Amino acid sequence: MSTLKIEHRTEFRYEAEIHSSYNEARLTPAWLTRQRVLDSRVDVSPLSWSTGYRDYWECDVLAFEVLQPHQSLSVVGSSLVEILPQPARTERASWDTLHGPRFQDLLCEYLDNSEVTEPPEELAEFARETAGKLSPDATARAVCDYLHDQMKYVPGSTNVHSAAREAWEDRSGVCQDFAQLAAGVLRSIGIPARYVSGYLHPKRDAAIGETVQGESHAWVEWWSGEWTGFDPTNDREVGDHHVIVGRAREYSDIPPLSGVVAGSTEHLDVTVSITQVS
């Protein structure tokens, strides 16, 4: 078990004065069986109006407006999250179960691919061949291992609008690409998979109280009788250094920040700091 303090700071600076800005922030960790949110808040400056709601994906959202002249905007999400030990995974679903009509219907949203998550045929063929030899759970793990082996993590190599197949073509991408590729490949062989947005404490041996530069991170969960989280970027199971904010089909469903600004070009700075407090 671990308790993590997270600060996600986003600073926008505009070349000229802005008179209106309409935004949504998804920066609040989810309250789940595996994690307890002990404290969380989102501070915006300047701010004219805000309201909170829970979206279709059960993600907590702060919608806010700035209707006064401004040349900068600060959005800071602060949270304290306790991550609990997870019981050992047990596989409960066979290929026959996954391909049956009941689960095809119940989990249909996590079986269909979009243009963003549609995998290249080369990867889909690898997954089909692997599925012919292994169980659903072992196949999913093999797909994630293969992506990690074949691709390099290169910050800035893609953007939030990039399709997963573009990252595969270049054999490089960011965590978002690894997660969307993994989800797309698994869906192509009938394994329900969802994109997970959250945070990762990158230093496993950090001292208690030590603040490190963390990451706004993404990984995948697949269903094979229960939802199983795996981080293909780092090729490891999701554990007590991963904090979940939201889970959906792809990045565009649950972006950390989105909005519309009436005005000039913006400059963006994002930092995430994480402290393990216990």
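This dialogue goes through pockets, strands, cores and backbone angles in a predicted model.

Student: I would like to start with the pockets. How much space lies in the largest pocket?

Tutor: The largest pocket holds about 1000 Å³ of space. Its lining has 37 residues, and those closest to the centre are Val-160, Ser-216, Tyr-251, Pro-256 and Val-270.

Student: Which elements give two or more residues to the lining of the largest pocket?

Tutor: They are strand 1 (2-18), strand 6 (70-83), helix 6 (175-188), strand 9 (193-200), strand 11 (215-223), strand 15 (257-262) and strand 16 (266-276).

Student: How do the residues of that lining divide into nonpolar, polar and charged?

Tutor: The lining of the largest pocket has 20 nonpolar, 15 polar and two charged residues.

Student: What is the space in the second largest pocket, and which residues are closest to its centre?

Tutor: The second largest pocket has about 630 Å³ of space. Of its 21 lining residues, Arg-34, Gln-86, Trp-227, Thr-228 and Gly-229 are the closest to the centre. Strand 12 (227-231) and strand 14 (242-248) each supply at least two lining residues. Strand 12 gives the largest share, three residues. By type, this lining divides into nine nonpolar, five polar and seven charged residues.

Student: Next, the strands. How should I read side chains along a strand?

Tutor: In a regular strand, side chains alternate between the two faces of the sheet. To see how a strand sits in the structure, look at burial, where buried means under 20% relative accessible area. Take strand 5 (residues 60-66): five of its seven residues are buried, so the strand is largely enclosed by the rest of the structure.

Student: Which way does strand 2 run against strand 5, and how many bridges join them?

Tutor: Strand 2 (residues 20-25) and strand 5 run antiparallel and are joined by five bridges. One place to look is Glu-24, which stands opposite Ala-63 in strand 5.

Student: How many bridges join strand 4 to strand 5?

Tutor: Six bridges join strand 4 (residues 49-54) to strand 5, and these two strands also run antiparallel. Tyr-53 has Val-61 of strand 5 as its bridge partner. Strand 4 and strand 5 form a hairpin with five residues between them. In the turn, Glu-58 has a positive phi of about 65°.

Student: What about strand 9: how many of its residues are buried?

Tutor: Eight of the eight residues of strand 9 are buried, so the strand is largely enclosed by the rest of the structure. Strand 9 runs antiparallel to strand 11, with eight bridges between them. Strand 9 also runs antiparallel to strand 14, to which six bridges join it.

Student: Which residues are paired with Val-196 in strand 11 and strand 14?

Tutor: Val-196 stands opposite Trp-219 in strand 11, and its bridge partner in strand 14 is Arg-247.

Student: Now the interior. Which residues have the most contacts inside the largest nonpolar core?

Tutor: That core has 30 residues, and Phe-64, Leu-73, Val-75, Tyr-199 and Val-243 have the most contacts inside it. At least two core residues come from each of strand 1, strand 5, strand 6, helix 6, strand 9, strand 14 and strand 16. Strand 1 supplies the largest share, five residues. A second, separate core of 29 residues includes Leu-107, Ala-127, Ala-183 and Leu-186.

Student: What does Leu-73 touch?

Tutor: Leaving out residues up to four places away in sequence, Leu-73 touches several residues, among them Phe-12, Tyr-14, Ser-45, Pro-46, Phe-64 and Val-66.

Student: Pro-46 and Ser-45 are both in that list. Is the peptide bond from Ser-45 to Pro-46 cis or trans?

Tutor: The bond is cis, with omega near -5°. Pro-46 lies in the loop between strand 3 (35-45) and strand 4.

Student: Where does Arg-171 lie, and what is its phi?

Tutor: Arg-171 lies in the loop between helix 5 (164-170) and strand 8 (172-173). Its phi is near 55°, a positive value in a residue other than glycine. Arg-171 is partly exposed, with a relative accessible area of 28%.

Student: What is the phi of Asp-235?

Tutor: Phi of Asp-235 is near 55°, again positive in a residue other than glycine. Asp-235 is in the loop between strand 12 and strand 13 (236-237). At 24% relative accessibility, Asp-235 counts as partly exposed.

Technical notes: Residues numbered from 1 in each chain as written. Predicted model: local features only at pLDDT ≥ 70, side-chain atom pairs only at ≥ 80, totals over all residues. Heavy atoms only, no water. 1 Å grid on protein atoms, 1.4 Å probe; cavity = no way out; pocket = protein on both sides within 12 Å on 5 of 7 lines; lining within 4 Å. Points joined across faces, edges and corners; volume = space filled by probe spheres on them. Helix = DSSP H or I, 4+ residues; strand = E, 2+ residues; numbered from the N terminus. Nonpolar A, V, L, I, M, F, W, Y, C, P; charged D, E, K, R; others polar. Buried < 20%, exposed > 50% of the residue type's maximum accessible area, 1.4 Å probe, protein only. Pairing = 2+ DSSP bridges. Core = buried A, V, L, I, M, F, W, Y, C linked by side-chain atoms within 4.5 Å. Contact = heavy atoms within 4.5 Å.
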